[in-house]
Amino acid sequence: MEVVISDRSAALAADAVEALVRGNPGAVLGLATGSSPLPAYRELVRRHDAGTGPSYDGVRCFLLDEYVGLPPGHPQTYRETIFRELTDALGIARDRVASPDPADPEHAGPRYEETLRAAGGVDLQVLGIGGDGHLGFNEPGSSLASATRIKTLTERTRRDNARFFGSVDEVPRHVLTQGLGTILRARHLLLIASGAAKAEAVAAAVEGPVSASCPASVLQLHPHATVLLDDPAASRLE
Ligand code: F6R
C-alpha cells in the first residue's frame, strides 16, 4: 500500500484518473460519492473545462453504492449526485454510468456484479472512508469477501450523512453497496481522506490488523492501493 501525505491530494487523484484515461480511453472508473472525492472531482472538471483533460467519451463508470428508498431523481441519490458533481460535466453519457438499482434491491446485487464483470471490472476505484472505517457502505462486521448487496446503515453513518439532508430522519436506512470482495477486484484502489475526524479510521485501516471491525483495512490485501491523506487525516499514523 502506498500512503501519500500531501496538501495536493485532489490534484494527485486527478492526475491518476487522467493518466489512466489517456492510456486507456475505454477505462472503467469506480466512483464513490460523499465529501472526500469532491475536490478531486472538481479538479477533473476544472481541467476538462480548461481543455487540458483527456476525452472521457469512451469511459464507463460504476457507482460504489446507492441509497434505497429515495424517489428516483431525488437530488441526494448517488446517481444524481455523480451526474451533478462529475460525469455530466466531463461529457460522460448518462447511460455509461451504472449503479445498483434501488427499485429492485433484492436482485440488484447479483445483477450489478454481472454488469461489472461484463464490463471487464473496474480499472480505478475511487474510495472514501467512514469515521467508523466503513468502505463503500460496508459497515464494521461486513464480510471481507462480500459482494454487492443491501445493507443497513449504522446510526453513526446516518448522523454523519444528515448534513446532505434536512435532518437525520430523512437519511435512508438502507443502501446497496459493492461488497468488500467486489472492491478488492478493482485493479487500482485510490482512497482519499481528509480531516482529523478520519484520523482514527485511517490509522486502523493502514496500520491495524486486517479485520472486519475496520472494513477499510482490506486495502492492505490489495496489490495496488494508494491512500491520499492530508496532515490531519494522517495525524494518528505511527
Ligand atoms: C460514498 C461511500 C462512503 C463514503 C464515506 C465517507 O459513496 O461509499 O463510504 O466514502 O461515508 O464519506 P465522506 O467522504 O462524505 O466523509
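The exercises below work through a predicted model of a chain with a ligand, each with a solution in steps.

**Exercise 1. Determine how confident the predictor is in the chain, and where confidence is lowest and highest.**

Begin with the chain as a whole, which averages a pLDDT of 98, with 100% of the residues scoring at least 70. Then turn to the individual elements: confidence is lowest in helix H5, residues 155-161, at a mean of 95, and it is highest in strand S6, residues 124-127, at 99. Finally, add the scores for the model, which are an ipTM of 0.99 and a pTM of 0.98.

**Exercise 2. Describe the overall build of the chain, and decide how its radius of gyration stands against the globule rule.**

First take the secondary structure, which comes to 7 helices and 10 strands. Next compare the radius of gyration, 16 Å, with the 18 Å that the globule rule gives for 238 residues; the two are close, and the chain is therefore as compact as a globular protein of that length. Along the principal axes, the C-alpha atoms fill a box of roughly 40 × 40 × 35 Å. As a last step, consider burial: 46% of the 238 residues are buried.

**Exercise 3. Work out the strand order of the open sheet of 3 strands, and explain why one side of S4 and of S7 is left without a neighbour.**

The order is S4-S8-S7, and the pairing is antiparallel. Strand S4 (65-68) and strand S7 (149-152) stand at the edges and have a single partner strand each, so one side of each lacks a neighbour in the sheet. Neighbouring strands of this sheet are turned by 30° against each other on average, direction ignored. To look at one pair in detail, follow S7 to strand S8, residues 174-177, where 4 bridges join the two antiparallel strands; Thr152 stands opposite His174 in S8.

**Exercise 4. Decide whether Ile183 is buried or exposed, and locate this residue in the fold.**

Start with the position of Ile183, which is found in helix H6, residues 180-184. Then count its surroundings: 26 other C-beta atoms lie within 10 Å, and since a residue is buried at 20 or more, Ile183 is buried. For a relation across the sequence, take Leu127, which is 56 residues apart from Ile183 along the chain, while their C-alpha atoms are separated by 9.3 Å.

**Exercise 5. Characterise the residues around the ligand by class, and name those that come nearest.**

The shell consists of 4 nonpolar, 8 polar and 1 charged residues. Of the 13 residues around the ligand, those that come nearest are Ala32, Gly34, Ser35, Ser36 and Gly128.

Terms used. Residues are numbered from 1 along each chain as its sequence is written. This is a predicted model: local features need pLDDT of at least 70, side-chain atom pairs count only at pLDDT 80 or more; totals for chains, interfaces and linings use all residues. A residue is near a molecule or strand if its C-beta atom, placed from the backbone, lies within 6 Å of it. Ala, Val, Leu, Ile, Met, Phe, Trp, Tyr, Cys and Pro count as nonpolar, Asp, Glu, Lys and Arg as charged, and the others, Gly among them, as polar. Two strands pair if DSSP finds at least two bridges between them. Axes are lines fitted to C-alpha atoms, for helices over the stretch in contact, and angles run from 0 to 180 degrees between N-to-C directions. pLDDT is the predictor's confidence in each residue, from 0 to 100. The radius of gyration is taken over C-alpha atoms; the globule rule is 2.2 Å times the number of residues to the power 0.38. A residue is buried if 20 or more other C-beta atoms lie within 10 Å of its own, exposed if 12 or fewer, and partly exposed in between; C-beta atoms are placed from the backbone.
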